[in-house]
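Subject: Structure handover

Hello,

Here is the structure you asked about, with my notes underneath. Please read them next to the model.

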Amino acid sequence: MCGIVGCILKDKQKSVAPILLECVENLDYRGYDSVGIATFDGSIHVKKDKGKIPEVDEKLDLADMPGNFGIAHVRWPSTGIASKENAHPQLDESDSIAVVHNGSLKNYDELKGELIADGFKFKSTTDTEVIPHLIRKYMNEGLDLEHAFRKTIERLDGSYAIAVISKEESNKILATRYQSPLKIGISDDAYFISSDIPAIINYTRKIILPAEGEMVILDEDGVHVHDEDGNEIEKEILVIPWTAQMASKGDHPYYMIKEILEQPDAVEFTLGERENIQRIVDDLGDIKNICFVACGTSYHASLTGKYLLQHLAKIKTDVVLASEFKYTADTLDKDTLVVFISQSGETLDSMNALRIAKETSPTLAIVNNIGSSMTEEAKYTIITQAGPEKGVAATKTYIAQLTAIYLFAGLLANDEKLINELYNVPGYIREVLKKSSEIEVLSKRYSFADDLFYLGRGFSYPIALEGALKLKEISLIHAEGYASGELKHGPLALINHKIPVIVILPPGSDYEDTMVNLEEVKARKAIILSICAEGDAKAECKSRDVFTVNSKVSETIAPLVYTVPLQLLAYYVTLEKVA
Ligand code: F6R
């Protein structure tokens, strides 16, 4: 995912580049392969290249650029390879219009053809480069920057958050969005635009949320938001309850470990949403069907939600990957609650699905990012209280999503026993975290692997999927999460003495069946690490290694606790690999 930032400092003598650099560093969790900054002090200065921020900074000294305002970008390529030319900002031919863009344009080929026929020369292979050329074309036709930008936007088909500066109309930053996130920040000394709040939280907690199609103009006098017809409009200023300290790494070496350690608090704070969730449950009345929609880790939380709602509340529940949603959309109706699970509240596939679902059905968004697009568009919202998550891999927001889903299912099913059990979860997680050194030791025995399998049944199946995803994403080791009963239908053939198999074995009704599957992989000499309950002598005897969890953690609430050692395993195996 690309990320954009813009800042205008009220004091003309001050240099904005160090601030822009710090803000794009805060966007690095989105994943990127190039970085760039444009500042203005009478002419536009640009420094950009492919590579990680520290490398590019060492080469180009990104903080050393003149001017009190500018824009910056981290790029995750969607159109065009990672290269200096393709890094943003993208410029017009005279280097007097600079543009940063997050999103992708479907019709850039057609626009590029038209611009080339008009004599414009392209330096990059990005979709974005059509934007500065179109603005230039319309300015050449006599329009001012704002009108040229508006006319350009009308030509674009796709998703975008765009920020523009121009030499001709200096001292302002123009920005707009469609299907990509954009926030405005206001501090005593500066005005900001940003793809997300954590990027600018060191400078301000006062945020404005521009709607799609609105035009944002930042200048030294303030923030102006114009509607699609060009009329200035009043926007509400929100004060975000996150602090710079919450978004900082503190003394931890990586965000991932900081956020794993924050999970007991994420559960406790999310349990504080109980009254809000009860209100939603009361308002919903009788729901016949539920359909969860999500991507990645949030999809795994949704799968747990399906098992819970069907098992406890006896409500027919589907789970759909957001990118595959169109094949389900036609079956929705007013009696189906469509639940969107998302850390960011911005994921494009989920947003597209939400827009379709809300035409026919009541919608609920369970998201972590306050003020995100999903909170604006869904009928009901539950904010998970994990605080800002900056690690690339979702950890504490996943456990917070699960907490919100368990509360929702518990309240819907009127299951006091389950709800009371949730209040013990922070304690169970703390016990796991206290033993993280055991996982650190285990990681040395598993970091050699090229392939791993994670097996779980019932509520432990999503745990297996999530454990495998975390390992793949962070350590780059191939891992597969499998429903343990399904392994014999093909992939068992892959198991041999070189393959570690992580078996999720909480106590409960699925235990014995999973044990049969453990025996199957043991018969093929797999290296078995079982995550099981304290005192589980059988698992200890049949596995090479075990990591134990409080025996009071039932299979039903296992996803909230058994996932944590697997997050730690992914983290420590990765450290071991890079050591
Ligand atoms: C994995 C991870 C991703 C996200 C996915 C959905 O660690 O973070 O799989 O879960 O991209 O993102 P959200 O939850 O923001 O919609």
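How does the lining of the second largest pocket divide by class into nonpolar, polar and charged residues? The lining has 8 nonpolar, 2 polar and 4 charged residues. Please keep in mind throughout that this is a predicted model.

**The second largest pocket and helix α7**

The second largest pocket holds about 230 Å³ of space. Its lining comes to 14 residues, and those nearest the centre are Met246, Phe269, Gln385, Ala386 and Gly387. Helix α7, which covers residues 263–271, contributes the most to this lining, with 3 residues.

Helix α7 also pairs with helix α13 (residues 396–412): their axes come within 9 Å and cross at roughly 30°. An angle under 35 degrees counts as roughly parallel, and α7 and α13 are therefore roughly parallel to each other. The crossing of α7 and α13 is right-handed.

**The annotated domains**

The unreviewed UniProt entry places the feature "domain: SIS" at residues 280–418 and at residues 442–579. In the model, residues 280–418 are 43% helix and 20% strand, with the end C-alpha atoms 19 Å apart. For residues 442–579 the figures are 44% helix and 22% strand, and the end C-alpha atoms there are 15 Å apart.

**Cavities**

Rolling a probe the size of a water molecule over the atoms shows where empty space is left. The structure holds 3 cavities of 30 Å³ or more.

The largest cavity encloses about 70 Å³ of space. Arg457, Gly458, Phe459, Ser460, Ile504, Leu505, Pro506, Asp510, Tyr511, Thr514 and Glu555 line the largest cavity. Two elements give two or more residues to this lining, namely β23 (500–505) and α18 (511–523). By class, the lining of the largest cavity has 5 nonpolar, 3 polar and 3 charged residues.

The second largest cavity encloses about 50 Å³. Its lining consists of Cys2, Arg75, Trp76, Ser78, Thr79, His88, His101, Gly103, Asp127 and Thr128. These residues divide into 2 nonpolar, 6 polar and 2 charged.

**Backbone points to check**

One of the residues lining the second largest cavity, His88, takes part in a cis peptide bond: histidine 88 is joined to proline 89 with omega at about 0°. Where does proline 89 lie? Proline 89 is in the loop between β4 (69–75) and β5 (90–91).

Aspartate 95 is worth a look as well. Its phi is positive, at about 55°, although aspartate 95 is not a glycine. Aspartate 95 sits in the loop between β5 and β6 (97–105).

**Helices α4 and α5**

Two packed helices are described by the angle between their axes and the distance between the axes. For helix α4 (residues 130–140) and helix α5 (residues 145–155), the axes come within 8 Å and cross at roughly 125°. Why are α4 and α5 called oblique to each other? Angles of 65 to 115 degrees count as roughly perpendicular and those over 145 as roughly antiparallel; a crossing at roughly 125° falls in neither group, and α4 and α5 are therefore oblique to each other. The crossing of α4 and α5 is right-handed.

Regards

Note on methods
Residues numbered from 1 in each chain as written. Predicted model: local features only at pLDDT ≥ 70, side-chain atom pairs only at ≥ 80, totals over all residues. Heavy atoms only, no water. UniProt positions renumbered as here; feature names shortened; annotations may be inferred. Helix = DSSP H or I, 4+ residues; strand = E, 2+ residues; numbered from the N terminus. 1 Å grid on protein atoms, 1.4 Å probe; cavity = no way out; pocket = protein on both sides within 12 Å on 5 of 7 lines; lining within 4 Å. Points joined across faces, edges and corners; volume = space filled by probe spheres on them. Nonpolar A, V, L, I, M, F, W, Y, C, P; charged D, E, K, R; others polar. Axes fitted to C-alpha atoms, helices over the stretch in contact; angles between N-to-C directions. Left-handed = near helix turned anticlockwise from the far one by under 90°.
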